[in-house]
Amino acid sequence: MKGLVIRSPWIDHILAGKKTWEMRTRATSIRGRIALIKAGSGLIYGTAELVECKPSLDLEQLRATQAFHAIPVSGIEDAFANRWTTPWVLRDVRRFARPVPYKHPSGAVTWIDLPTFQAEPGWTDATPSVTVKEPPPARQPPSTGEHRRPQHRVEGPWVDIRLTEGNLRNNHFYLRTAESLLPSDCIGGSNKSDLGRAIRVTFEPGPSIECDVAGDKMILRARAQVRDFFERSGSRAGDMLRLTRVGEREFLVMRSEPA
C-alpha cells in the first residue's frame with residue numbers, strides 16, 4: 001500500500017468528512033486504497049480510495065468548489081497563485097480509532113511505500129467519514145492570461161507574507177500561509193530539543209543559512225539572521241515579503257515589489 005503525507009488541517013478535514021478533494025500541484029497515476037499519513041507525526045490516521053484526478057482548476061472554479069477542497073475563502077487566491085489547483089478525489093475514507101505508527105524513510109515528502117501495511121477491520125471508527133457528492137465536471141474556459149506570476153525573475157512557487165510590528169519587534173515572520181511550499185520534515189517542535197530537518201534559506205539582501213521551522217509559531221528558528229535581513233532591507237510594518245521555493249529544500253526571501 002502507498003501512504004500519502006498530508007499536512008494539518010487538511011488531513012483533519014478529510015478524516016472528518018469535510019473535504020473530499022486533496023489539492024496538489026500536479027496529477028498522480030496512483031489509484032486505489034491508500035494510507036492517510038499526518039505530516040510530521042509518524043502516524044497513519046486512516047485510509048481512503050484515491051479514485052481520480054480532475055483537471056487543474058482556474059480561479060473561479062476553485063472558488064466554486066470550496067465545499068470539496070475546504071480551502072478557506074481567504075486562502076483561495078494564494079492556493080491558486082501557488083498552483084495547488086489539481087484535485088485528487090478521495091472516496092470511502094476510513095478513520096482509525098487509534099493512529100498506527102510507521103517508519104518514515106529519510107527524504108520522503110509525498111508518498112511512502114508501506115509494503116507490509118494492511119489495515120485491520122477493528123482499527124476503524126464505528127462511523128465512517130461522511131462522503132460528499134461531487135459536482136458535475138466543470139467546463140474548462142479558454143485562458144484569459146489572469147494567472148498570477150512572480151514579479152521577479154526567480155522561478156518557482158511563492159507566497160507573499162505581510163509584516164507586522166510584532167514581526168519586526170520579535171525578529172520573525174509567519175509561515176502559516178506558506179506551509180504548502182515547505183517540506184513537511186522541516187517543521188520541528190517549539191524548542192531546539194525537537195528540531196526539524198534543515199532547509200536552506202537565502203535572504204536578499206543577506207546570507208544563505210540552514211535552519212528549520214519552529215512548528216508552534218511557524219517561524220524560521222534563525223531569528224538573528226531574520227533581524228539582519230530586516231535591517232539590511234529596511235523592512236517596515238505593512239511591507240510584503242516574498243518566499244519563493246527555488247529548489248526541493250531551498251528558498252529565497254526578499255521584499256515583494258508592488259504589483
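**Sheet architecture and the surroundings of Ser-41**

In this predicted model, 6 strands form an open sheet of mixed pairing, arranged in the order β2-β5-β4-β3-β1-β6, where strands are DSSP runs of E with at least two residues, numbered from the N terminus, and two strands pair if DSSP finds at least two bridges between them. The edges of the sheet are β2 (21-24) and β6 (111-113), each of which pairs on one side only. From one strand to the next the twist averages 40°, with axes taken as lines fitted to C-alpha atoms and angles running from 0 to 180 degrees between N-to-C directions. Strand β1 (residues 2-6) and β6 run antiparallel and are joined by 3 bridges; within β1, Gly-3 stands opposite Ile-112 of β6.

Ser-41 lies in the loop between β3 (32-38) and β4 (43-53). This serine counts as partly exposed because its relative accessibility is 29%, the class between buried (under 20% relative accessible area) and exposed (over 50%), computed with a 1.4 Å probe on protein chains only. The side chain of Ser-41 makes polar contacts with the backbone oxygen of Lys-38 at 2.7 Å and with the backbone nitrogen of Leu-43 at 3.0 Å; such a contact is a pair of N or O atoms within 3.5 Å, one able to donate a hydrogen and the other to accept it, with residues adjacent in sequence counted only if both atoms are side-chain atoms. Ser-41 and Pro-101, 60 residues apart in sequence, are separated by 8.6 Å from C-alpha to C-alpha.

Residues are numbered from 1 along each chain as its sequence is written, and side-chain values use heavy atoms, leaving out hydrogens and water. Local features need pLDDT of at least 70 and side-chain atom pairs count only at pLDDT 80 or more, whereas totals for chains, interfaces and linings use all residues.

How values were computed. Helices (H or I, at least four residues) and strands (E, at least two) are DSSP runs, numbered from the N terminus.
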